[in-house]
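Trainee: I am new to this structure and would like a close look at a single part. Please take me through the surroundings of the ligand and how they sit in the whole.

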Amino acid sequence: MENHNDKTKVLFICLGNICRSPAAEGIFKKYVSDAGLNDQFEIDSAGMISNHEGNKADRRMRTYAEERGYILESLSRPFDKDVDFDHFDYIIAMDGSNLSDLKSRARGEADIAKLHRMTDYCIGFDYDTVPDPYYGGAEGFELVLDILEDTCKGLLDKIK
Ligand code: 4NP
């Protein structure tokens, strides 16, 4: 069905949807809210695997994010190509592996045109991936948050 809703719809993607993409979702939601733009955006996140479906974000990520003022409330869900490619305007992958998985599920050029890398929106940093923090220590989570704060600012500037 045609969508008459003119909100900009943004979907953040990582592997498990418990570390990087829920953090991106929480940070971007806060920036949008702080800018008074809540009514202009729909913001969600999803994972390429369903292993953590229904779970809150990883406790470590929730803790480090909360220390910076972001409350991560989303529950993990897998990416659904038949719904998400139609619904969202920007589908933003955290790393090259997520991006190639998304490309392999695309149904055509219109789907591919919606795909982006999170690091395309870097403004103060120069990274080409948001590294998976799952098997590492605190520094990995802090680095993810540093990159996501930078790229979420860049993304909001770009869309505004
Ligand atoms: P995320 O981190 O993709 O940033 O949510 C991971 C979470 C879970 C797994 C890998 C990465 N895992 O293998 O279960």
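Mentor: Helices and strands are counted here as DSSP runs, with at least four residues for a helix and at least two for a strand. The model is predicted. By that count the protein has six helices and four strands, and along the sequence they follow the pattern β-α-β-α-α-β-α-α-β-α. The radius of gyration is 15 Å, close to the 15 Å that the globule rule gives for 160 residues, so the protein is as compact as a globular protein of that length. Its C-alpha trace spans about 45 × 35 × 30 Å along the principal axes. Of the 160 residues, 47% are buried.

Now the ligand. The residues around it are Cys14, Leu15, Gly16, Asn17, Ile18, Cys19, Arg20, His52, Asp132, Tyr134 and Tyr135. Sorted by class, this shell holds six nonpolar, three polar and two charged residues.

Some of these residues place polar atoms by oxygen atoms of the ligand. For Gly16, a backbone N or O atom lies 2.9 Å from a ligand oxygen. Cys19 also takes part through its backbone, with a polar atom 2.9 Å from an oxygen atom of the ligand. His52 uses its side chain instead: a polar atom there is 2.7 Å from a ligand oxygen. On its own the ligand has 350 Å² of accessible area, and the protein covers 92% of that.

As for the protein's own surface, about 8,000 Å² is exposed, and carbon and sulfur atoms supply 46% of it.

Key:
Residues numbered from 1 in each chain as written. Predicted model: local features only at pLDDT ≥ 70, side-chain atom pairs only at ≥ 80, totals over all residues. Heavy atoms only, no water. Near = heavy atom within 4 Å. Polar contact = N/O pair within 3.5 Å; in protein donor to acceptor, adjacent residues only side chain to side chain. Areas by Shrake-Rupley, 256 points an atom, 1.4 Å probe, with all protein chains shown as cover. Nonpolar A, V, L, I, M, F, W, Y, C, P; charged D, E, K, R; others polar. Rg over C-alpha atoms; globule rule 2.2 N^0.38 Å. Buried < 20%, exposed > 50% of the residue type's maximum accessible area, 1.4 Å probe, protein only.
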